Amino acid sequence: MAITVEHGVFHVETANTLYQMKADHFGVLNHLWYGAKTDNVMDYLLDYPDVGFSGNIYEAENLRTYSLDTLPLEYAVGGVGDFRVPAVSVTHENGSCALDLRYQEYHILKGKYQIPGLPAVYAGEEEAETLEIVLKDTATDVKVILKYGVLEKEDIITRSVVVQNRGKTPVILNRVHSLCMDFPYGDWEWIHFHGRHTKERQVERVPLIHGIQESGSNRGMSSHQQNPAVILCERGTSEKKGFCIGAALMYSGGFQMQIERDQLDQVRLVMGIHPDTFSWKLEEGESFYAPEVILSCAENGFGELSHRFHQVIRNNVCRGKYKLSKRPVLINNWEATYFDFNDTKIEEIAKQAAKLGIDMMVLDDGWFGKRDSDISGLGDWFVNEEKLQGGLGRLVERINRLGMKFGIWMEPEMVSEDSELYRNHPGWAIRIPGRNPMRGRYQLALDMANPEVIAYLYEVISNILRENNIEYVKWDINRNMCDWYTPTLPKDRQLELPHRYILGLYELLEKLTGEFPDVLFEGCCGGGGRFDAGMLYYCPQIWCSDDTDAYERTIIQYGTSFFYPVSTVGAHVSAVPNHQTGRVSAIGTRGTVAMAGSFGYELDLNMLSEEEKQEVFRQVETYRKNQDLIYNGLYYRLCDPMEDNMSIWEFAARDGEQVLVQGVVYRAEPNALRRRIRLAGLAKEAKYQVAGEENVYTGAALMAGGILLPEIKGDDAAVQIHLKRVSTL
Ligand code: GLA
């Protein structure tokens, strides 16, 4: 049993971790522990100092040492004497904002709870358990149900929250965070993943200052600028050593993550929907469901933490035919042609691709409506016959005849003002009456909270998929959102739109992925601006970044790998000079970097030399040979690209039979020793041989002493070393 309750203490155990909380004699739910297994009730760590200006609950009478402001709380409330960041905040009918949540009851259920309308980790009845803890406000009939999903073997705990209004008057929810966790002791640092368009998920590790640190997005999406995932680690934690906790929000809209270090050096982490772009009116009898947070912790550093997230995202978040199976190697025409193509040009690229062993031709932006540039056409999802003579069906057939699959780009959530859709339905675009809207890449966003919009999009997209043999959809979105207003909601509910937008998006994706289970949906948002566990529930891979430069990609993919498995990372070889940076890197380097993902090409193969074409052929073969190892092996980051002048990573087979080491050494240095890399995940006692070499090494030697990289000449040199087990000592 993963969940047990003894003397008011809740124990949630996984294979290697323990989570504990306790309802005390005032009914306040205290957080006791999240970390290594201890075989102990951890309430002996609770302390009750008498701290000036930290007030006391009324029932404590003259006891000055019982304060909500100093106790570690499981779900912190605002307005009743805990002055740290709250997890939840409401406004009652009389305008007051207090909520005083006390323990009522609990339920333990078989299997993993699901959340209406929202993505959530899933597992078989026997593989997971659910704990529900019901809290109730002391003065009203507002209930908060804390949900914990426990995947014991995977060392994963999920958290989610339901707010119920059982009273007679409406309640306004101002903030409902999905996660709240207090840490009374510890010397912590936190890591977040910031960036911008073409430079996503840059790793930043910082100490905790007194006060509040925050990362988040109020852009209507999880964003390029911050990723909805965070690591809290003890000072000194490295890839292989040290304690760390990871939390990833399974949500694609605006989010907030706050970390507060308080007057007593205690730390609180809260995470959920961004309250600046959220409000929700809960009428009598209604419930609100907050999105889920996936949690794990590890005693053996970031590597172990990443493995746990990779495992759960691959097996219990991603769905569909392609969840675990090998994805097709694709060629995408975007950087090859941009908007300037016709059916012949696409077929020419595909012909060359077919010869080189590529599986699928993806037709990117520009095939529909009046779309010769990004200023017009979005929303008109009917084929542009001037470009594709004979229609989409004819092109698909021609591509299929080459032995290739066909995929297509769409940006369903958006509309150009210069489009038939906008002319017919101006009210479907998000804008505030009487104001000019913000335009992003010239376009407006559709009101995904409007059921008519969802019905229309379902109709057009499903028709395209039904009528043509399309086996892949790249689902893009290319602007951030503001001007929140929808005619579908009354004036006191307008700030529900950002969350309702995401609910509409999820509803549409659920319907389409359900009806077309064999179609591979790849998420995209100007590259990786909506790379989150929520989207991965519908799209098992996401275009990682619009930056295809090999050097930049090693850093973006490094940051991405802390939470997201390699199979979810769309990665392509593109042309040089690179279109984003102007950098020229060798085709071997570009190939090596793109292989740490779901692999493809994004250039006109006909422009390559014969030698380069041969290299492409070899790359596709190498990727195919290793795809299973790349997807299912354990992924290790072997160095820090920001410090080590190189990025080297490794895929280790789970049975210890082989490892693939790949990477890029950035700058060549004169008069230097060869670089040494310590491997990971090998069987200590086994012997390994580098493919094509005679030397044999023990796993222990390769992990402790490491291996010397070949001599490096030139910048951005690729490393690719394959080791196989030859015997056991
Ligand atoms: C976004 C995507 C690109 C490409 C263009 C098309 O920027 O990230 O890959 O599809 O849109 O307009």
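**Ligand site and domain arrangement**

In the ligand site, the side chain of tryptophan 409 places an N or O atom 3.0 Å from an oxygen atom of the ligand. The structure described here is a predicted model, and the distances and areas reported below are accordingly computed values. Two further side chains approach the ligand in a comparable manner: for aspartate 365, the separation between a side-chain N or O atom and a ligand oxygen atom is 2.6 Å, while for lysine 474 a polar side-chain atom is found 2.7 Å from an oxygen atom of the ligand. Taken alone, the ligand exposes an area of 310 Å², of which 96% is buried by the protein.

The shell around the ligand comprises 13 residues, the closest being Asp364, Asp365, Arg441, Lys474 and Asp546. When this shell is divided by residue class, six of its members are charged, four are nonpolar and three are polar. Aspartate 365 and lysine 474, whose polar side-chain atoms were described above, are thus also listed among the closest residues of the shell. With respect to the protein surface, the space taken by the ligand corresponds to the second largest pocket.

At the level of the whole chain, the protein is divided into three parts, with domain 1 spanning residues 3–316, domain 2 spanning 330–631 and domain 3 spanning 646–726. The centres of domain 1 and domain 2, taken over C-alpha atoms, are separated by 34 Å, and the two domains are in contact through 53 residues of domain 1 and 48 residues of domain 2.

Definitions and conventions: Residues are numbered from 1 along each chain as its sequence is written. This is a predicted model: local features need pLDDT of at least 70, side-chain atom pairs count only at pLDDT 80 or more; totals for chains, interfaces and linings use all residues. Side-chain values use heavy atoms; hydrogens and water are left out. A residue is near a molecule or strand if one of its heavy atoms lies within 4 Å of it. A polar contact is a pair of N or O atoms within 3.5 Å; within protein, one must be able to donate a hydrogen and the other to accept it, and residues adjacent in sequence count only if both atoms are side-chain atoms. Accessible areas come from the Shrake-Rupley method with a 1.4 Å probe; for residues, only the protein chains shown count as cover. On a 1 Å grid over the protein atoms alone, a cavity is a set of points where a 1.4 Å probe fits but cannot get out, and a pocket is an open set with protein on both sides within 12 Å along at least five of seven lines; lining residues have an atom within 4 Å of a point. A molecule sits in a cavity or pocket if more than half of its atoms lie within 2 Å of its grid points. Ala, Val, Leu, Ile, Met, Phe, Trp, Tyr, Cys and Pro count as nonpolar, Asp, Glu, Lys and Arg as charged, and the others, Gly among them, as polar. Domain bounds come from an automatic or database domain assignment. Contact means heavy atoms within 4.5 Å.
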